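Colleague: Could you take one part of this model and go through it with me slowly, saying what surrounds it and how it fits with the rest?

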Amino acid sequence: MSRITIIVNGTPETREIEDRTLLVHFLRDHLGLTGTHIGCDTTQCGACTVILDGRAVKSCTVLAVSADGSAVATVEGLAQNGRLHDVQQAFHEYHGLQCGFCTPGMIMAAVDMIRRHDGMLDEHTVRHELEGNLCRCTGYHNIVKAVLAAADKHRAAHAVAAE
Ligand code: FES
Ligand code: FES
């Protein structure tokens, strides 16, 4: 057993856990943050994607003890003051989901992607970047449209901020 502290969505969370506990189980079972999904046992689906110290990771591939002292962002932490994050809003507006199972992982991957590219994204890049996130329902088209729309908004916001 180990005692670890992970800053989750800005709040330090300390728990006693078994050393083999995966980050995704820490989030879901120990903290009750069930927005992070488990869609496979082969590290392929990306439903468990969270942002760990600023980078998107599949939380089913990370031991919670190895994230001790780190900062994790999950889909539950995106909305602020009752207002959806721009990526969440874009998924809503562009119908980037059907059953919604893949959506939290898609959204976290998109948040990370937009930040890394500073919003400079095209369709090819978005499709390529989302190869690690599987969706059984949508055919990806509306997901890609949503990510591009959120990227546009990111660029516009930064252009205004730079003026
Ligand atoms: S649950 Fe992590 S990649 Fe599928
Ligand atoms: S919306 Fe159903 S798996 Fe993507």
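**A close look at Val147 and its helix**

Modeller: Leaving aside residues up to four places away in sequence, Val147 touches Phe91, Ala110, Met113, Ile114, Leu121, Val126 and Leu130. Please keep in mind that this is a predicted model. Val147 is one of the residues with the most contacts inside the largest nonpolar core, a set of 26 residues in which Val87, Phe91 and Leu130 are also among those with the most contacts. Helix 2, helix 3 and helix 5 each supply at least two residues of this core, and the largest share, eight residues, comes from helix 3.

Let us now widen the view to helix 5, which covers residues 141-162. Its 22 residues, at 1.5 Å a residue, should span 32 Å, and because its end C-alpha atoms are indeed 32 Å apart, the expected and computed lengths agree. Along this helix, the buried residues are Ile143, Val144, Ala146, Val147, Ala149, Ala150, Ala151 and His154. When you look at how such positions are spaced, it helps to remember that an α-helix has 3.6 residues a turn, so residues three or four places apart point the same way. The buried residues of helix 5 pack against helix 2 (86-93), helix 3 (103-116) and helix 4 (123-129).

How values were computed:
Residues numbered from 1 in each chain as written. Chains lettered and ligands numbered in written order. Predicted model: local features only at pLDDT ≥ 70, side-chain atom pairs only at ≥ 80, totals over all residues. Heavy atoms only, no water. Helix = DSSP H or I, 4+ residues; strand = E, 2+ residues; numbered from the N terminus. Expected span 1.5 Å × (residues − 1). Buried < 20%, exposed > 50% of the residue type's maximum accessible area, 1.4 Å probe, protein only. Contact = heavy atoms within 4.5 Å. Core = buried A, V, L, I, M, F, W, Y, C linked by side-chain atoms within 4.5 Å.
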